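Work through the exercises below with the structure in view. Try each task before reading its solution.

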Amino acid sequence: VGVVLIGLSSYVPTFAQGVLHTGPLIAGFVLAAMSVGWPIASALSGRAYMRIGFRDTAAIGAVVLVAGAIACLLLPQHTHLIVLAGACFLVGAGLGLNSTPVLVALQSVVGWDRRGVVTGTNMFFRSMGSAVGAAVFGAIANTTLTDRFAHPPPGLSGHLPRSADATALVLNHRGSETAAVGQYVRASLYQATHYVFAALLVASALCLL
């Protein structure tokens, strides 16, 4: 859960701003779709696990999570913001249906004196997942960008940023001679986020398993 959460919250804004060329406010609204899907699904999960049990409810959430990750992976470079927001909503719904039953199940199998321990442990490992996910996804994105900037097509050599940190400067630069550079940088950002979304799918599949 922590891995998926940090991957989506870190790279959906990158996709929206760098690839779709939106502003930070719009990118925030797109990511907010996940924050809407999560509490709605969490509220509904209570009724679900009272009828079909914790494991089956969590499994359904993991299936929805995988579906959301697949939707992110299949996003084309020129996708619409609503489609991106829909994929974020699916991931949020999957997280809500999965994480809440798991936490309540943990709290239900121990005595009152251990509930704080299992709750804290669950939160701790979610934070650990976010830390590991941030490192892995950052390595994937930076390696992809660095490789593409090191091997540009003819005519762009010498005009690209030397590191991934300079990408935003190129995207914000305006000038007739930099149009091809901006297109190549946006394509590079799409490739990097595409690989991150592929790793998100792997993490979602592991959650289902």
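A polar contact is a pair of N or O atoms within 3.5 Å; within protein, one of them must be able to donate a hydrogen and the other to accept it. The model used here is predicted.

**Exercise 1.** Find where Thr22 lies, decide whether Thr22 is buried or exposed, and look for a partner of its side chain.

Solution.
- Step 1: Thr22 sits in the loop that joins α1 (2–19) to α2 (24–52).
- Step 2: Buried means under 20% relative accessible area. Thr22 has a relative accessible area of 18%, so Thr22 is buried.
- Step 3: A polar atom of the Thr22 side chain is 2.9 Å from the backbone oxygen of Ala16.
- Step 4: With neighbours within four places in sequence set aside, Thr22 contacts Ala16, Gln17, Ala27 and Leu81.

**Exercise 2.** Which residues does Ser130 touch, not counting those up to four places away in sequence?

Solution.
- Step 1: Ser130 belongs to helix α5 (residues 115–150).
- Step 2: Its relative accessibility is 18%, so Ser130 counts as buried.
- Step 3: The residues touched by Ser130 are Gly2, Val3 and Ile6.

**Exercise 3.** Describe how α4 and α5 cross.

Solution.
- Step 1: Two packed helices are described by the angle and the distance between their axes.
- Step 2: The axes of α4 (residues 81–108) and α5 come within 8 Å, crossing at roughly 150 degrees.
- Step 3: The crossing of α4 and α5 is right-handed.
- Step 4: The residues in this contact of α4 with α5 comprise 5 nonpolar, 5 polar and 2 charged.

Technical notes. Residues are numbered from 1 along each chain as its sequence is written. This is a predicted model: local features need pLDDT of at least 70, side-chain atom pairs count only at pLDDT 80 or more; totals for chains, interfaces and linings use all residues. Side-chain values use heavy atoms; hydrogens and water are left out. Helices (H or I, at least four residues) and strands (E, at least two) are DSSP runs, numbered from the N terminus. Buried means under 20% relative accessible area, exposed over 50%, partly exposed in between (1.4 Å probe, protein chains only). Contact means heavy atoms within 4.5 Å. Axes are lines fitted to C-alpha atoms, for helices over the stretch in contact, and angles run from 0 to 180 degrees between N-to-C directions. A crossing is left-handed if the near helix is turned anticlockwise from the far one by less than a right angle, and right-handed if clockwise. Ala, Val, Leu, Ile, Met, Phe, Trp, Tyr, Cys and Pro count as nonpolar, Asp, Glu, Lys and Arg as charged, and the others, Gly among them, as polar.
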